Amino acid sequence: MSILVVGSVAFDTVTTPFGVGREVVGGSATHFSMSASFWAPVRLVAVVGDDFTEAHRRPLAERGVDLHGLVTARGRTFRWVGAYDYDLNNPRTLDTQLNVFASFKPEIPETWRDTPLLFLANIDPDLQSEVLDQVGGARLIAADTMNYWIDSKPDALKALLRRVRLLLINDGEIRQLTGQPNLPRAAAIVRSWGPSTIVIKRGEHGVLVFDGAEAFALPAYPLEDVLDPTGAGDAFAGGFLGYLAARGLDGALDVRRAAVVGSVMASYQVEAFSFDRVARLTWPEIRDRYQKFIHLTHVEPLP
Ligand code: AMP
């Protein structure tokens, strides 16, 4: 089952305590697509500027991501500049240049409008809604966002959430969005606005899933070498939704396995700058880390 993703395709300049990535290919839709491409066919909708070359597209094309919805406009590609301190969980945004995204009007290709799974990756919530207006046939609608949009467009974001089944968001962002510091309470507030499944990403502390009456918690894979956390959330979403798409959407969502797959993909994402590690992943590596998660989280009942 295919996934349609709309989000940012970007050039990122990222500083971490371990190095600098200058103008590397990034963006929420990029990292999502790379990760999801291991699990399901991916259709990407975004805009880039004329500085985004064939060579920049190649890694996505080589993973089989369908780029017919990646429009090239005159001007500069979206740029994000961020820095991480030793606490790698929260980047400081130093600069956001919307560039060609400022005037982008997404047009979903006619033949893509009935894609069963739609992921509205982190981008302007007004653009997310415009996409939703065009995609009548989606059976599962999932969204992500970030502090930049919670600050600048809270009403547009809340209007969008009324129409979304599954929200992926990080812990700081859901606290900011709801004004509620307690995560289960914050999830309940967002669920009262629309989405029935809330996935709270907590960086190196793992993930919390609230799905109907069920809650599920998973640690992050304990990695010793984290080079750059950028895109971890998107790679998680790619694995999580990619797995759901691969399994089909009949019956209850298998959010537990999906969360493990998401965590596996995110754990590889942070091992290198940009998507360099994920792009060369192999299936044995993916399976190996899934097994390690089973071991990591397994516990026997009390004797
Ligand atoms: P994350 O998975 O949260 O680490 O997402 C990282 C990606 O988000 C980076 O590659 C950035 O290009 C992208 N990004 C940063 N700020 C924004 C924004 N305001 N809107 C859309 N994408 C953004």
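This is a short tour of a predicted model, from a sheet to a group of aromatic rings.

**Stop 1: the sheet.** Select strands 3, 2, 6 and 7, which form an open sheet in that order with mixed pairing. Strand 3 (19-26) and strand 7 (92-97) are the edges, each pairing on one side only. From one strand to the next, the twist averages 10 degrees. Strands of a sheet pair through backbone hydrogen bonds, either parallel or antiparallel.

Now show residues 78-83, which are strand 6; five bridges join strand 6 to strand 7, and the two run antiparallel. Which residue of strand 7 is the bridge partner of Trp80? Pick Thr96 to see that partner.

**Stop 2: the helix across the strands.** Add helix 1 (residues 28-36), which lies across strand 2 (10-16) and strand 3. Helix 1 runs at about 85 degrees to strand 3.

**Stop 3: the rings.** The structure holds eleven aromatic pairs. For one of them, select Phe38 and Trp283: the ring centres are 6.3 Å apart and the planes stand at 75 degrees, so the pair is edge-to-face. Phe38 is in the loop between helix 1 and strand 4 (42-48), while Trp283 is in helix 11 (residues 283-297), so the pair ties together parts 245 residues apart in sequence.

Is Phe38 buried or exposed? Its relative accessibility is 8%, so Phe38 counts as buried. Trp283, at 35%, counts as partly exposed.

Next select Trp39 and Tyr243, another edge-to-face pair, at 6.2 Å centre to centre. Phe38, Trp39, Tyr243 and Trp283 form one aromatic cluster.

**Stop 4: charges over rings.** Show Arg63, whose charged end sits over the ring of Phe38, 3.7 Å from the ring centre. Finish at Arg289, which lies over the face of Tyr268 at 3.9 Å from the ring centre.

Notes
Residues numbered from 1 in each chain as written. Predicted model: local features only at pLDDT ≥ 70, side-chain atom pairs only at ≥ 80, totals over all residues. Heavy atoms only, no water. Pairing = 2+ DSSP bridges. Helix = DSSP H or I, 4+ residues; strand = E, 2+ residues; numbered from the N terminus. Axes fitted to C-alpha atoms, helices over the stretch in contact; angles between N-to-C directions. Contact = heavy atoms within 4.5 Å. Phe/Tyr/Trp six-rings, centres within 6.5 Å; stacked < 30°, edge-to-face > 60°. Buried < 20%, exposed > 50% of the residue type's maximum accessible area, 1.4 Å probe, protein only. Lys NZ or Arg CZ within 6 Å of the ring centre and 35° of its normal.
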